[in-house]
Amino acid sequence: MKNKTKTMAVLSIYIAIAFIFSYIENLFPLPIPFPGIKLGLANLVIVLALCQFGLPYAFAISLLRNLLNAFTFGSLFGFFYSLAGSIASLFVMYLLLFPLKKTQLSLVSVSCVGGIIHNLGQFAVASFLVGPSAILPYLPFLYFAGLIAGALIGFVARLCLQRLTIGIK
């Protein structure tokens, strides 16, 4: 897409979809006994943007979605938790998908790693704020939640990419 207006329109739609997915997740929390664990529907948009448009666009979408969520639903602490997880997982997924392309990892595998890294990024912020010993027992639940959510998001992203024809390059 060489047209800047079309590029901005497509990216705005991606930001809006990610924001709507976040809103839906806030309306319907998962019925599990561990606070803060979500499916991460908005991360589907980030994975799609990373695969279709590259790191800079995916980063911008992720940053804007986190800002919108913080202003609408959350707090400053929630913003830092979400941002740490989002940025860490985005860069790790980028490294697994592109520079190390010779490894031939599937999108589902890359998304699984992204889900785990997202939760570890949030764990790092929580450790800094409340101390690691206070939340260390929560780490295995975060790991498996990231693995399961990442697998689901990766599977859906793979299906979506087979059907999408939008590209900005």
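**Close-up views of an all-helical predicted model**

**View 1. His118, a buried residue of helix H5.** With a relative accessibility of 11%, His118 counts as buried, and the helix that carries His118 is H5. The model shown in this and every following view is a predicted one. Leaving aside residues up to four places away in sequence, His118 touches Asn43, Ser82, Gly85, Ser86 and Ser89. Helix H2 spans residues 41-53 and helix H4 spans residues 76-97, which gives the reader the helices in which to look for these partners.

**View 2. The protein chain as a whole, for orientation.** The secondary structure of the protein chain consists of seven helices and zero strands, and read along the sequence the pattern is α-α-α-α-α-α-α. The radius of gyration is 16 Å, close to the 15 Å that the globule rule gives for 169 residues, so the protein chain is as compact as a globular protein of that length. Taken along the principal axes, the box filled by the C-alpha atoms is roughly 50 × 40 × 25 Å. Of the 169 residues in the protein chain, 39% are buried, and the accessible surface comes to about 9,600 Å², with 75% of that surface belonging to carbon and sulfur atoms. Among contacts with a separation of 6 or more, 73% are made by residues 24 or more positions apart.

**View 3. The largest nonpolar core, with Tyr14, Leu50 and Ile61.** The largest nonpolar core holds 25 residues, and within this core Tyr14, Leu50 and Ile61 touch the most other members. At least two residues of the core come from each of helix H1 (4-27), helix H2 (41-53), helix H3 (55-72), helix H4 (76-97), helix H5 (107-130) and helix H7 (139-163). The greatest contribution is that of H2, which gives nine residues to this core. Not counting residues up to four places away in sequence, the residues that Tyr14 touches are Val45, Leu48, Ala49, Gln52, Phe53, Ile61 and Leu164. A second core, separate from the one just described, has six residues, including Ile37, Phe123, Ala126 and Ala145.

**View 4. Leu164, in the segment after H7.** Leu164 is found in the segment that follows H7, and with a relative accessible area of 32% Leu164 is partly exposed. When residues up to four places away in sequence are not counted, Leu164 touches Tyr14, Leu48 and Gln52, so that this view can be read together with the previous one, where Leu164 appears among the residues touched by Tyr14. As a guide to distance, Leu164 and Leu105 stand 59 residues apart along the chain, and their C-alpha atoms are separated by 21 Å.

**View 5. Leu55, a buried residue of helix H3.** Leu55 lies in helix H3 and, at 16% relative accessibility, counts as buried. The residues touched by Leu55, again leaving out those up to four places away in sequence, are Leu50, Leu90, Phe91 and Tyr94. Leu50 is also one of the three residues that touch the most other members of the largest nonpolar core. From C-alpha to C-alpha, Leu55 and Met93 are 9.6 Å apart in space, although 38 residues apart in sequence.

**View 6. Ile24 and a nonpolar patch on the surface.** Ile20, Tyr23, Ile24, Leu27, Phe28 and Phe73 together make a nonpolar surface patch of about 580 Å². Ile24, a member of this patch, is found in helix H1. The relative accessibility of Ile24 is 33%, and Ile24 therefore counts as partly exposed.

**View 7. Tyr143 and Phe144, neighbours in helix H7.** Helix H7 is the place of Tyr143 and also of Phe144. Tyr143 is partly exposed, having a relative accessible area of 38%, and Phe144, with a relative accessible area of 48%, is partly exposed as well. The C-alpha atoms of Tyr143 and Ala58 are separated by 23 Å, the two residues being 85 residues apart along the chain. For Phe144 and Cys112, which are 32 residues apart in sequence, the spacing from C-alpha to C-alpha is 9.7 Å.

Methods
Residues numbered from 1 in each chain as written. Predicted model: local features only at pLDDT ≥ 70, side-chain atom pairs only at ≥ 80, totals over all residues. Heavy atoms only, no water. Helix = DSSP H or I, 4+ residues; strand = E, 2+ residues; numbered from the N terminus. Rg over C-alpha atoms; globule rule 2.2 N^0.38 Å. Buried < 20%, exposed > 50% of the residue type's maximum accessible area, 1.4 Å probe, protein only. Contact = heavy atoms within 4.5 Å. Areas by Shrake-Rupley, 256 points an atom, 1.4 Å probe, with all protein chains shown as cover. Core = buried A, V, L, I, M, F, W, Y, C linked by side-chain atoms within 4.5 Å. Patch = residues over 30% accessible without salt bridge, like charges linked within 9 Å, V, L, I, M, F, W, Y side chains within 5 Å. Salt bridge = Lys/Arg side-chain N within 4 Å of Asp/Glu carboxyl O.
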